[in-house]
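Open your viewer, switch on the cartoon, and keep the selection box handy. We will go from stop to stop, picking out a few residues each time.

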Amino acid sequence: MRMSHLFAKTLRQAPAEADTPNHQLMLRAGLAQQLAAGVYSYLPVGWRVMRKIEQIIREEMDRAGGQEIMMPAIQPAELWADSGRLATMADVLVRFQDRRERDFVLGPTHEEVVVDLFKRQVQSYRDMPILVYQIQTKFRDEARPRGGLMRVREFTMKDAYSFDTDWDALDANYQAARAAYTRIFDRCGVPTVPVLADSGAIGGKDSEEFMYLTEVGEDMILLCPGCGYAANEEKADHKKHELPFEEPRALEEVATPGRKTIEQLVEFLGVPPYKTLKAVFYEADGAPVFVAIRGDLEVNEAKLRNALKAPGLALLDDEGVRKHGLVAGSASPVGLTGVRVVADDSALQSPNLVAGANKHDAHYRNVNYGRDWTASVVADISLARAGSPCPRCGTPLETRRGMEMGHVFKLGTVYTERLQASYTDEAGALQPAVMGCYGIGVGRVFAGAIEANHDERGIIWPPGIAPYDVHLTALGLDKPGVRESAEQVYRQLQDAGYAVLFDDREDLSAGVKFNDADLLGMPLRVTVSPRSIESGGAELKHRSGKDAEVVALADVPARAGAVLAALGSRK
Ligand SMILES: [Zn+2]
């Protein structure tokens with residue numbers, strides 16, 4: 001490819017909206033261009049990277065036993081009504097009506113469609129195991145698209161689905177997909193760690209996310225340095241401070257003038273935070289939800305959503321609290337009627353707590369679960385934080401930020417039961433198939449690869465996904481012999497099978513051209529200039545290396561091949 005004709009421009013400075021290195025470099029290198037919030041065009045160099053990542057995914061999914069298919073983006077809304085997700089994913093579904101006023105969605109994921117396919121293709125246990133995948137465009141109406149390619153509304157995803165006769169067989173498919181993911185991210189130059197994850201709107205039992213740990217990631221991960229436990233904050237468990245047994249004492253009202261927060265209460269009454277009961281207010285489906293949690297803990301909204309099966313759950317502000325007749329700062333589940341109460345399981349084991357009295361400037365001492373109040377839902381809804389004891393070994397957990405590259409789920413029979421996808425087992429009985437699903441955001445791997453492989457000058461593409469093998473720079477094109485020599489090298493490298501980006505632009509300084517070569521980040525740089533010709537040929541240097549070597553023009557392809565092979569590139 002000749003840069004004089006390249007359908008993209010490099011930028012000296014990143015546009016102001018880009019605040020992470022991967023987003024800034026993507027725009028500066030002219031790899032992609034935003035059309036609307038969270039909607040991007042890929043330009044030639046960026047698209048080559050996407051195609052390479054897709055090809056690596058294809059090879060590894062095929063190797064894991066996957067079969068590539070292609071399902072439609074346009075999906076009948078009835079399918080989504082049948083699975084229950086027309087409601088539970090309502091806030092992100094892109095919907096439309098056709099000319100006959102039939103409802104459709106543009107698929108954000110394909111569980112419904114693949115189960116429909118399964119029903120039409122599979123009848124018997126003999127037809128399984130099955131692992132199918134596709135690489136396709138998805139649509140999600142995200143509230144706040146951000147972070148370049150990390151949170152977008154239209155994106156390329158590899159989604160795979162497995163169908164098995166039982167959970168053991170699912171585990172084999174799951175492990176095969178997991179192993180494929182490790183190889184895929186490795187080949188794409190993105191180091192990832194699998195972490196336990198919340199299944200969210202997809203549903204199912206176990207799930208893990210593959211995270212690239214970086215401070216610019218939007219997810220918070222809890223890691224145990226003691227035993228290796230790793231989980232997304234949404235999912236992470238922790239050991240809670242256990243209080244010694246105490247006999248319940250008599251309920252006692254105390255005046256707490258002006259004390260509204262746990263901090264103020266703790267100081268005023270001289271009790272530790274874990275001896276208090278905190279009230280937090282949410283709203284789900286228009287009704288208030290009273291959440292009671294020990295004062296030393298915070299609410300994990302993902303866990304709360306799951307416990308209540310309320311995807312639309314939202315925190316209430318002070319006005320919302322008043323609207324529902326609750327007393328912010330002194331609210332309590334004691335004597336409360338007509339409001340749904342959810343308790344963190346810590347509250348059950350903690351005797352004689354301080355809690356609100358449901359009137360201003362007053363609290364109760366010695367509040368005990370069971371005697372003074374109860375909850376309609378009791379669950380672990382607490383947030384693990386840095387320093388919380390590891391749920392497995394008790395070592396204080398550490399926090400890191402991460403970029404999510406992929407997600408694997410053991411769905412089980414959630415979808416096959418709802419959509420009645422059964423097979424006939426060996427005894428002739430109908431059974432729901434056991435499903436798994438496995439996603440990789442191709443654009444996220446693209447962003448992750450840039451984030452994991454750059455320096456202050458630009459991108460350093462991992463050879464496996466580099467858009468071009470060689471960046472050929474010609475300097476002083478008006479000087480004798482330069483154009484001919486550069487054209488010769490360009491032709492020879494291509495004849496030898498290398499992809500070459502040829503900076504043949506005239507009237508640009510060496511500085512500008514070298515800056516662009518650093519920014520664009522091909523693994524191998526070849527420079528032809530009056531100086532290199534005088535020294536006997538062309539200069540070779542790899543992107544992250546310091547020293548250049550001069551190689552005779554005719555030897556450039558062979559030497560380039562050796563350098564690229566040493567860098568780990570596959571031709
Ligand atoms: Zn641990």
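Start by selecting N358: in the hairpin of β18 and β19, which has five residues between the strands, N358 has a positive phi near 60°. Before you go on, keep in mind that this is a predicted model.

**Around the hairpin**

Stay in the loop between β18 and β19 and select D361, which lies there too. Phi of D361 is near 60°, again a positive value in a residue other than glycine. Is D361 buried, exposed or partly exposed? It counts as partly exposed, because D361 has 15 C-beta neighbours inside 10 Å, and the partly exposed class lies between 12 or fewer for exposed and 20 or more for buried. For context, most residues other than glycine have a negative phi.

Now colour the two strands on either side of the loop. β18 and β19 pair in the antiparallel sense over three bridges. To see one facing pair, select L353 and V367: L353 stands opposite V367 in β19.

**The sheet**

Add β13 to the selection. What is the strand order of this open sheet? The three strands run β13-β19-β18, with antiparallel pairing. The edges are β13 (252-255) and β18 (353-356), each of which pairs on one side only. From one strand to the next, the twist averages 35°.

Zoom in on the other pairing in the sheet. β13 and β19 (residues 362-367) are antiparallel, joined over four bridges. Here A255 is the residue to click, standing opposite A362 in β19.

**A second positive phi**

Next, jump to D285, in the loop between β14 (277-284) and β15 (287-294). Its phi is near 50°, a positive value in a residue other than glycine. How does D285 sit with respect to its surroundings, buried or exposed? D285 is exposed, because it has 9 other C-beta atoms within 10 Å and the cut-off for exposed is 12 or fewer.

**A buried leucine**

For contrast, select L304 in helix α8 (residues 301-308). L304 is buried, since 24 other C-beta atoms lie within 10 Å of it, and 20 or more is enough for that class. Which residues does L304 touch, leaving aside residues up to four places away in sequence? Show V291, V299, L313, V342 and I381 as sticks to see them. Then draw a distance from L304 to F104: the two are 200 residues apart in sequence and 31 Å apart in space, C-alpha to C-alpha.

**A cis peptide bond**

Select M128 and P129 and look at the backbone between them. The peptide bond from M128 to P129 is cis, with omega near 5°. P129 is found in the loop between α5 (111-121) and β7 (130-139). As a reminder, most peptide bonds are trans.

**Two helix crossings**

Two packed helices are described by the angle between their axes and the distance between the axes. Begin with α2 (residues 44-63) and α11 (residues 442-452), whose axes come within 10 Å and cross at roughly 110°. That angle makes α2 roughly perpendicular to α11. The crossing of α2 and α11 is right-handed. Show side chains for V49, M50, I53 and E54 in α2, which meet V442, V445 and F446 in α11. By class, the residues of this contact are six nonpolar, no polar and one charged.

Then move to α12 (residues 482-495) and α15 (residues 556-567). The axes of α12 and α15 come within 9 Å and cross at roughly 55°, which makes α12 oblique to α15. This crossing is right-handed as well. Select V489, Q492 and L493 of α12 together with V556, P557 and A560 of α15, which make the contact. Five residues of the contact of α12 with α15 are nonpolar, one is polar and none is charged.

**Zooming out**

Finally, clear the selections and fit the whole chain in the window. Its secondary structure comes to 15 helices and 31 strands. Along the principal axes, the C-alpha trace spans about 100 × 65 × 50 Å. Of the 571 residues in the chain, buried residues make up 43%. Among contacts with a separation of 6 or more, 72% are between residues 24 or more positions apart.

Note on methods
Residues numbered from 1 in each chain as written. Predicted model: local features only at pLDDT ≥ 70, side-chain atom pairs only at ≥ 80, totals over all residues. Axes fitted to C-alpha atoms, helices over the stretch in contact; angles between N-to-C directions. Parallel < 35°, antiparallel > 145°, perpendicular 65-115°, else oblique. Left-handed = near helix turned anticlockwise from the far one by under 90°. Contact = placed C-beta atoms within 7 Å. Nonpolar A, V, L, I, M, F, W, Y, C, P; charged D, E, K, R; others polar. Pairing = 2+ DSSP bridges.
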